[in-house]
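Please work through the exercises below with the sequence and the model side by side, trying each task before reading its solution.

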Amino acid sequence: MPSGSVRFEALPEEQQALLLLRDYEQSGQGWFWSTDARGLVTYVSESVATAFGCSRQDLLGQSFHALFSIDREDGEDSSRTLPLILSAAKSFSDLAVKPARGGAEVCWTITGRPQFDGGRNFVGYRGNGVDATERLRNARDASRLAMFDSLTGLANRHRMEQRLVNMLRVFATTQRSCAVILIDLDRFKQVNDTLGHPAGDELLKQVAQRLQQVCDKGYDIGRLGGDEFQVILPDVDDRGKLGELAKRIISILSQPYTVDGSRCVIGASIGIAVAPFDGATSEALIRGADLALYAAKGSGRGRFRFYSSELHQSAEKRRRMEEDLRDALVQNQISLRYQPLVSARSGTVIGVEALMRWSHPEFGDISPAIFIPIAEESNLIIALGEWALRQACSEVVAWPGEIRVAVNVSPAQFGSTNFVGNVANALAHSGLAPDRLEIELTESIFVNDDETTDLTFAALKKLGVRLALDDFGTGYSSLGYLKKAPFDKIKIDKGFIRDVTVPGSRNPAIITAIVSLAKALDMVTTAEGIEARDELDLMRELGVDQIQGYIYSAAREGAEVAEALATGAWVIAPIGPAKQRAERRTVLRKIGVIHEDHRYEVTMRNMSRTGAGIEGLINVPVGTQFVCDFGEGQLVVARVRRSDGSAQGLEFENPLVDDGAGGLCTRHRVAPYVLAAMGMPSGVNHGAIVALNNIGHMSMPRFGAVDTSKAIRAA
């Protein structure tokens, strides 16, 4: 051997492998672990002990799955647990785990291979792990960008779709319910156009924050795009609860916002669908909620609607009305009716409110509550508003006396550049004195609260017309408006009149405060929607100046008003029920009533939250119990409280709830599997009730196996 050379002796292969593994382990790039057959740790690298903040000896002998837990991505299947994986005695790889009891914020991916003795008996696991903290964090950041809305931080459309699909799949096997709420912001585009897109983005962030405040933590909230949001509510089918949540959402989203120093006001409309009643698939449920949202926006915005099968027909009818409305003015189908405004003290008519009516050749008289929202969406509202202004001035000037007329003006009409000029022209062409014209405005005209609004107010007052703030009390900063807006009258919203005489109601105190405020500001107060004598007496007691409502008169034709004024002072005597009662709606529809094992078809003529009047059965004893079938899974237990020949008065065991459309519905619906237990064919969804209706007067022995009323209560 040459002098100066170094001789290396070759190490055995196994020893070299051990040294290489030791070097790899000490480098911190990876680590090793092993367990016995019971899953107790027999070896673990020092680097893992360091991450746990202890020594290797502290970890030996402990249960492996007690030290580590699977590091789950949000929404990952929770049925895949570490004990379950280890008990299978099969190989696994790239399983993400983290310390089970907190400790360092570290994640690893581990691989495990089962070990067996010569008799093929399982003796434990050997495996290795790699620090994957940074890689998993980056992967999750990328996943979050793909699954969450970057602007609001809420789940995006893709994630909400996945959540709903997965939830409905699981819930279908466990017979659970799931509700979907779709929310569309009203007047958001106007804010975007006037304040700019950055302000619109900031507004959307605030909307997201408010939704998170009002919704329970167990609900999924997402932004689908633009100004549309969605809430998924697992295990919720109570339409009373859903309706109350919808009202709270509308309320909190309608409160004023401050964006970049500017104040703006928007609103919200809501559509609701519930599985499995309104659809068993994600597509069907979203389609139902979307149709309900469309109906809510069409009924005046700022409202909610539940899905019903009737909405398909209503949507088609609304499309027809939108087309026909474009020609309605030209074809003289639009006219005005006038509802008297009466002095609370004397009963003398001191003014009228002009209300538009549409006499459709096919659908008959259509209320403005239906066609005005259509006009707003189709940009016809300004033309209709200008016509109403001219027509009211022309008709009223020809009447005897000096009675005033109030005309409603939409925010779009108020904000148009030639609005003041149109008012001046209407007065000049008709010859009506300016102080006989009263412009009724809602708080939504203050959506931008800019200098243009103040200039318009000043120009109107210069003309000499009067200004009234309609629906006062439904907004959230009315006092701010009154500081600078020169209103002559405040109209108390009829929402404060409802239940005003019910013991414990806080509405009288609110009305008292409004009246005191109006008097301090030298304004007149009008109470809308008065129908009962006890309401009228209370309004007089609280000092309200004017009354408007059916207790005095519905809206009348102009010729009828002129005739009444021809004799001089027009005094109307109040006519109405003595006391306010649960509102009873006049209806005329066929429903089913089930008694024991028979079902009968009857005609329902009226209904309220607590009962209904029916015809079609003869001499039914008082106290008889029925199950009323209103269709689409809506069944309610009722008892006969009044019986007169073929007419019966029913009292519901559980009150009905608001359906968002001015009607009533049952709080719960009977699920398809409950209907099946009551004898209905299996696999029938919400259409099961339709099949039940088709049975008619036939005896139904299948119901004999189940006490129907008990089944309904249980459902």
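The exercises that follow deal with confidence, an open sheet, nonpolar cores and salt bridges in a predicted model.

**Exercise 1.** Determine how far the predictor's confidence supports a local reading of the chain, and find where pLDDT stays under 50.

*Solution.* Begin with the chain as a whole, for which the mean pLDDT is 84, with 87% of residues reaching 70 or more. Then turn to residues 680–715, over which pLDDT stays under 50, although the model has 74 contacts for them beyond four places in sequence.

**Exercise 2.** Establish the strand order of the open sheet of 5 strands, and describe how helix 11 is placed against its strands.

*Solution.* The order is 8-9-7-12-13, with mixed pairing. Strand 8 (220–225) and strand 13 (304–306) are the edges, since each of them pairs on one side only. The twist from one strand to the next averages 20 degrees. Within the sheet, strand 7 (residues 178–186) runs antiparallel to strand 12 (residues 267–275) and is joined to it by 9 bridges, and Asp-184 stands opposite Ser-269 in strand 12. Finally, helix 11 (residues 282–298) lies across strands 7, 9, 12 and 13, running at about 145 degrees to strand 12.

**Exercise 3.** Identify the members of the largest nonpolar core that touch the most other members, and the helix that supplies its largest share.

*Solution.* This core has 78 residues, among which Leu-437 and Met-539 touch the most other members. Its largest share, 8 residues, comes from helix 14 (residues 381–397). Beyond four places in sequence, the contacts of Leu-437 include Leu-389, Cys-393, Val-423 and Val-465. A second, separate core of 42 residues includes Leu-204, Ile-252, Ile-272 and Cys-665.

**Exercise 4.** For the salt bridges Asp-278 with Arg-669 and Lys-461 with Asp-488, work out which parts of the chain are tied together and whether each partner is buried or partly exposed.

*Solution.* In the pair of Asp-278 and Arg-669, the closest N and O atoms are 2.8 Å apart. Asp-278 lies in the loop between strand 12 and helix 11, whereas Arg-669 lies in the loop between strand 31 (664–665) and helix 22 (672–677), so the pair ties together parts 391 residues apart in sequence. Both Asp-278 and Arg-669 are buried.

For Lys-461 and Asp-488, the closest N and O atoms are also 2.8 Å apart. Lys-461 lies in helix 17 (residues 451–463) and Asp-488 in the loop between helix 18 (478–484) and strand 20 (489–492), so this pair ties together parts 27 residues apart in sequence. Lys-461 counts as partly exposed, at 30% relative accessibility, while Asp-488 is buried, with a relative accessible area of 18%.

Technical notes. Residues numbered from 1 in each chain as written. Predicted model: local features only at pLDDT ≥ 70, side-chain atom pairs only at ≥ 80, totals over all residues. Heavy atoms only, no water. pLDDT = per-residue confidence, 0-100. Contact = heavy atoms within 4.5 Å. Core = buried A, V, L, I, M, F, W, Y, C linked by side-chain atoms within 4.5 Å. Buried < 20%, exposed > 50% of the residue type's maximum accessible area, 1.4 Å probe, protein only. Helix = DSSP H or I, 4+ residues; strand = E, 2+ residues; numbered from the N terminus. Pairing = 2+ DSSP bridges. Axes fitted to C-alpha atoms, helices over the stretch in contact; angles between N-to-C directions. Salt bridge = Lys/Arg side-chain N within 4 Å of Asp/Glu carboxyl O.
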